[in-house]
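Colleague: Got a minute to walk me through this model? I'd like to go over it piece by piece.

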Amino acid sequence: MKTSNKFTFARIIASPIIFALYFLPEWLASAEVGKVVSVALILILPFVELTDYFDGHFARKHGEVSDFGKMFDPFADVFLHLSMFTCFVLSGYMNPVFYVLILYREFSQNFLRMVAAKTGTAIAARKGGKLKTVFYVAACFVALAQNCLARTGLAAVWGVDMAAFNFAGQVVFAICVVLSYASFFDYLKNFGHVLKDAAR
């Protein structure tokens, strides 16, 4: 496996691990484990997200840019972020409507990529898609911060208004929805002809 693809694959491997860690305190019914895990996840996520930079870096450095990589990279991003969003919607940090809308968008985008790939067209990430991903990452950090403050009890110690913080988190998720559909319409504008041709 190419070096760049190894970094991409790391995000896929990390996804179920992060999911399991997130719910481990509930499965063990341990508040102490919850404190450790909530802090650990905030420290782990930056390293996982950095693999998104390194896969692109090494792909360009080693001349490993390929049609496979153009599809594998966004797939790994979605795999990771939907795994985390599932954690947040089950914990109440993400509005279920936002979650479903993003789910619809990502499945639709994946369908577009599959149809395009069948015709020999690899759809690489566009600027709108990259901006969307940035906000997906930001939303994950905000929700993990909410989770950490709640599990460690630091919200009460520091006098954090969790109601206001939770509302801010929902606003970030709402922005994610808007950006996700804006980027999807951009993809349709540029690659929608692939669907039309395939449907004939």
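Modeller: Sure, and keep in mind that this is a predicted model. Let me start with a contact I like: the charged end of Arg151 sits over the ring of Tyr22, with 5.1 Å to the ring centre.

Colleague: Which ring has the charged end of Arg113 over it?

Modeller: That's Tyr187, and here the distance to the ring centre is 5.6 Å.

Colleague: Back to Tyr22 for a second. Which residues share a ring cluster with Tyr22?

Modeller: Ring pairs tie Tyr22 to Phe19, Phe23, Trp27, Phe85, Phe88, Tyr136 and Phe173 in one cluster. So Tyr22, the ring under the charged end of Arg151, is also part of that cluster, because ring pairs link it in, a pair being two rings with centres within 6.5 Å.

Colleague: How many aromatic pairs does the structure hold?

Modeller: There are 15 of them. One is Phe68 with Phe72, a tilted pair with 5.1 Å centre to centre and 35° between the planes.

Colleague: Where do Phe68 and Phe72 sit relative to each other along the chain?

Modeller: Both are in helix α3, and because they are four residues apart, about one helical turn separates them.

Colleague: And Phe72, buried or exposed?

Modeller: Phe72 is buried, at 12% relative accessible area. Phe68 is partly exposed, at 48%.

Colleague: What about Phe184 and Phe185, how are those rings arranged?

Modeller: Their centres are 6.3 Å apart and the planes meet at 40°, so that pair is tilted.

Colleague: Why does Phe184 count as buried?

Modeller: Because its relative accessibility is 10%, and the cut-off for buried is under 20%. Phe185 is exposed, with a relative accessible area of 52%.

Colleague: Okay, new topic. How many helices and strands does the chain have?

Modeller: Seven helices and zero strands. Going along the sequence, the pattern reads α-α-α-α-α-α-α.

Colleague: And how compact is the chain?

Modeller: It is as compact as a globular protein of that length, because its radius of gyration is 18 Å, close to the 16 Å that the globule rule gives for 200 residues. If you want a box around the C-alpha atoms, along the principal axes it is roughly 60 × 35 × 25 Å.

Colleague: What share of the residues counts as buried?

Modeller: Out of the 200 residues of the chain, 42% do.

Colleague: Let's do pockets. How much space lies in the largest pocket?

Modeller: About 1,100 Å³. Its lining has 43 residues, and the closest to the centre are Lys70, Asp73, Pro74, Asp77 and Ala125.

Colleague: Which helix gives the largest share of that lining?

Modeller: That would be α3, with twelve residues. At least two lining residues each come from α1 (3-28), α2 (31-61), α3 (67-91), α4 (96-118) and α5 (127-152).

Colleague: What does the lining look like by class?

Modeller: You get 19 nonpolar, eleven polar and 13 charged residues.

Colleague: Last one. Which loop is Ala29 in?

Modeller: Ala29 is in the loop between α1 and α2. Its phi is near 50°, a positive value in a residue other than glycine.

Colleague: Is Ala29 buried or exposed?

Modeller: Ala29 is exposed, with a relative accessible area of 70%.

How values were computed: Residues are numbered from 1 along each chain as its sequence is written. This is a predicted model: local features need pLDDT of at least 70, side-chain atom pairs count only at pLDDT 80 or more; totals for chains, interfaces and linings use all residues. Side-chain values use heavy atoms; hydrogens and water are left out. On a 1 Å grid over the protein atoms alone, a cavity is a set of points where a 1.4 Å probe fits but cannot get out, and a pocket is an open set with protein on both sides within 12 Å along at least five of seven lines; lining residues have an atom within 4 Å of a point. Grid points are joined across faces, edges and corners, and a volume is the space filled by probe spheres set on the points. Ala, Val, Leu, Ile, Met, Phe, Trp, Tyr, Cys and Pro count as nonpolar, Asp, Glu, Lys and Arg as charged, and the others, Gly among them, as polar. Rings of Phe, Tyr and Trp (its six-membered ring) pair if their centres lie within 6.5 Å; planes under 30 degrees apart count as stacked, over 60 as edge-to-face and the rest as tilted. Buried means under 20% relative accessible area, exposed over 50%, partly exposed in between (1.4 Å probe, protein chains only). A charge sits over a ring if NZ of Lys or CZ of Arg is within 6 Å of the ring centre and within 35 degrees of the ring normal. The radius of gyration is taken over C-alpha atoms; the globule rule is 2.2 Å times the number of residues to the power 0.38.
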